[in-house]
Structures are given as C-alpha cells and as structure tokens.
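Take a walk through this structure, from the whole chain down to single residues. Please keep the model open as you read.

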Amino acid sequence: MVKMAELNRPSTVTPHRYYAHITGWGMCVPEHIFSNADLSAILETNDEWIRTRTGIQERRFADEDQTTSTLALKAAQQALSLTDVLPSEIDLIIVATCTPENIFPATAVFVQHWLGANQAGAFDISAACSGFLYGLNIATQAIRSGSIKVALIIGAETLSRVINWEDRGTAILFGDGAGAVVLEAREEEGGIISTLVRADGSGHDFLKILTHNHPEIRSKAPFSDLKIHKVYMSGGDVFKFASRILGEAVREVIDRAKMSLEDIRLIIPHQANARILQAAARSLNVPESLLMSNLERYGNTSAASIPLALCEAVREGRIAAGDNIVLVGFGGGLTWAAAVVKWMVGEPAVDRRKEGRRRAGYALVKVRTRWYRVARFGRWFLQRILRRRPLDE
Ligand code: UT7
C-alpha cells in the first residue's frame, strides 16, 4: 500500500542524497579605477583618512555602457567556462543585488536570456551585502532536496550609481563588480556543509536606499530635494553591528558543520571595512591572515564582495581541494548569513569544445531574441485561427 507521505511528496523530489558543490567561479570588475586621490579631488577627504579608517585604496566604477546585469553576465560566463555545464543545463539563476536596473523584471532574467539558459528559473534577491549567501543557501537546499541539479548564483552591483556625493562618510566606501559561482549536485560528500541566514529588521533604518514608493518620498515634494535612489548609512551603528555579528555568525555556522575553528583554512568575509575584519579576528582569537581581504582594491561591493574575494582567494592559491572555508556576510536589513564550504575542486581543466558551444550560444543571443518573438507571435496567431473553428470540427 502507498503511504500518505509518499503520495504527498512532490514528483520532482527524488529521495536520493545530493551535495551542493561549487564547481565554477568567475568575476568581473570594471577597468575604470577610482583612487582615493581621485575622491579627494571632488570631496573634502584625503587618502590618509580613507586608508586608516577603512583600509580602502581604490575601487572600480562602471563605464557608461556597463550595468549590473552586464557585469553579472561576464562573471557568470567566466564561472561556466570552468565547468562542464552548458547554459541549457542550468536549472536556477539567482542574482543578489541592491543596484538592479529595474524593480522588475529581475536582473537574473537578463542573465538567463543572454546565456541562453532556456531551462532555468531566474530571480533576484534583495538582502543587501548578505544577498549572495542568501542565494547560496536557497540553491543548496534546492540541490539537496533533489529538485534541481545546477544553479548559478551571482552577486552583482553598480553602487557607483547610488552614491550620495554629499555624504563623504559613505561616498568613499563603495565600488562596482560582480562575482559568480556554479553550484552542482554531486553524490560525493562535501561542498556546502552548513548555512545560516538571519535578519533583524529593527535595524532597517541603519542602511538603506529609498525608492519613489517610500512614504517619506511620496509625502515630501519636490523630489529633487531628497535622496532618492542614493545610499544612506548610519556608519557607526552598522559598524558596531558588523563587528559583533561577524564573529558570532562564523562560530555558529562552524558549529552547525560540527567543526571547530582549527578545521578552517580561510574565512572569506564581506569586504566592508578593514577595522571590522580586525575586530572579528580579535573576537575569534585567530590571526588576521585567516580572513581574506581584497578591500584595498575594490572597496565595498556589497553582494558582489564575497564571490569576488572567493575568486581571488582561489587565484592566489589560498584554497586547495579538501580545505574547509567559511563565507560570511552582513549588511542592510539588517541581514547576515554564513556558509561552511568543503572545497572539492583542484585546478579546473577547461573543456574547449564545450566552451566553443557556449560561446556560439552567447553570440546568437540577438537571433534567439528575434526567433522567440516570432515564435510567440506564431503561437498566438495559430491559437486565434483555431479558436475561430466551430467546436465539432
Ligand atoms: O556593507 C554593509 C556594511 N557596511 C559597513 O559595515 C560600514 C560600517 N561603517 C564604517 O565602516 C564606518 O562607520 C565608516 C567608514 C563609514 C565611517 O568611519 P567612522 O570611524 O565611523 O567615522 P565617523 O563617521 O564617526 O566620522 C569621524 C570623523 C568625523 O569628524 P568629526 O565629527 O570627528 O570632526 C567625520 O566628519 O571623520 C570625519 N569624516 C571624514 N573625514 C575625512 C567622515 N568621513 C570622512 C571622510 N574624510 N571621507
């Protein structure tokens, strides 16, 4: 006899146990470097203050023709190039961003279309600097349940476009960029071992970007006097929260993985401020070198900062197959999130034949767009003709 529980199980979920492994990673930063000296030319600030208070030396700003979705696409293409995955094999695309071009449609659907990922679902996540790890968590659970096999998770930002240039306290912090990982289902034990996602909405006012739909904006005119679509941050409040939560989240997620700090080869935190990383190292009682930092070159890239730092850590040889690493993020919301990853990949071998197929698909995007439009029209036209027929025909 079939048990009730079996009847209720969704058909796509197989009872098999899968692990979610990172098999590809990629990043894209704009070429345009904006140094502390460049900032001092337009703001009342100086290199010494920025370096000593934040650790940042320079950041990248997107060019006119670059957008959050084009940066996301480049990072995704690079991540895919290290894997055997063809775009048509991707089940889910998640983009974490707080600087989308649209409220909807999601940034992720542009990436889906440009990649030719015709079997994928696609959506954005709004969880500020924790967004990439929120996405990693969702995709991991979907893989572990057996409902999907391949996910692409991207953190992408063009924060240069939401900087409030009248606020030197925040204007010096942010930069643009994107980072991506491919997550694949494997039977081999490893990959994402434990995750943690949390929020404390009582701190919603500490870090925010308001839209036209915000009551404060709707009730006050003229709009030009207000800081719509610009970052506001209560730096001190966020600083105190971040310095505390980083260490706490690392301990909790390691505990969930049934590991201890000694098992961890590298911690990759959200890159917000060098002093926050120092405070975390002190509270965890670990050397500062255990915490990856590339803040000096990119500044705070919000949702992109963790995958960017991950890519650079791999490139610098700071992670090898078999290592356990911790990813940890915190930011607006307030939100925070973390993951323990057992890194299972060695030097990736690029399959040139597959890369050729992927590139051919990318090049055909314009043809695809036209073809889908024609096909949609054709389907609509046929349906109209069929509907005109008498029912008994
Ligand atoms: O990604 C999400 C998470 N974000 C974060 O974690 C950011 C957390 N917050 C921070 O990193 C720091 O709070 C900031 C870097 C934003 C600010 O540093 P701070 O040490 O908290 O500086 P402050 O705002 O308390 O300002 C100290 C002084 C002030 O002068 P007075 O009032 O003491 O005379 C500011 O006016 O520094 C002055 N100041 C500056 N001086 C030169 C503030 N910004 C600047 C500047 N250049 N850019």
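Among contacts between residues at least 6 apart in sequence, 79% join residues at least 24 apart. Bear in mind that this is a predicted model.

Now the overall build. The chain has 14 helices and 13 strands. Its C-alpha trace spans about 80 × 55 × 45 Å along the principal axes. How does the radius of gyration fit a compact globule? For 393 residues, such a globule would have a value near 21 Å; the chain has 22 Å, so the two agree. Of the 393 residues, 45% count as buried.

Next, go inside. The largest nonpolar core holds 117 residues. Which members touch the most others? They are V111 and I154. Helix α9, residues 235-256, gives the most to this core, with 9 residues.

Centre the view on V111. Leave aside its neighbours within four places in sequence. V111 is then in contact with S69, A72, L73 and A76, among others. Its contacts also include I93, V95 and A122. I154 is on the list too. So the two residues that touch the most other core members are in contact with each other.

Move on to helix α10, residues 274-284. Which of its residues are buried? They are I276, L277, A280 and L284. These four cover an arc of only 100° around the axis, which puts them on the same side of α10. The general rule helps here. An α-helix has 3.6 residues a turn, so residues three or four places apart point the same way. What does the buried side pack against? The buried residues of α10 pack against α9 and against β11, residues 264-269. Helix α9 is also the element that gives the most to the largest nonpolar core. Just after α10 comes N285. Its phi is positive, near 60°.

Finish at R297. This residue lies in helix α11, residues 295-298. Is R297 buried or partly exposed? It has 18 other C-beta atoms within 10 Å. A buried residue needs 20 or more, so R297 counts as partly exposed. Now look for R59. R297 and R59 are 238 residues apart along the chain, yet their C-alpha atoms are separated by 5.6 Å. Leaving aside neighbours within four places in sequence, R297 is in contact with Q57 and E58.

Conventions
Residues are numbered from 1 along each chain as its sequence is written. This is a predicted model: local features need pLDDT of at least 70, side-chain atom pairs count only at pLDDT 80 or more; totals for chains, interfaces and linings use all residues. A nonpolar core is a set of buried Ala, Val, Leu, Ile, Met, Phe, Trp, Tyr and Cys residues joined through C-beta atoms within 7 Å. A residue is buried if 20 or more other C-beta atoms lie within 10 Å of its own, exposed if 12 or fewer, and partly exposed in between; C-beta atoms are placed from the backbone. Helices (H or I, at least four residues) and strands (E, at least two) are DSSP runs, numbered from the N terminus. Two residues are in contact if their C-beta atoms, placed from the backbone, lie within 7 Å. The radius of gyration is taken over C-alpha atoms; the globule rule is 2.2 Å times the number of residues to the power 0.38. The arc is that of the directions from the helix axis to the C-beta atoms.
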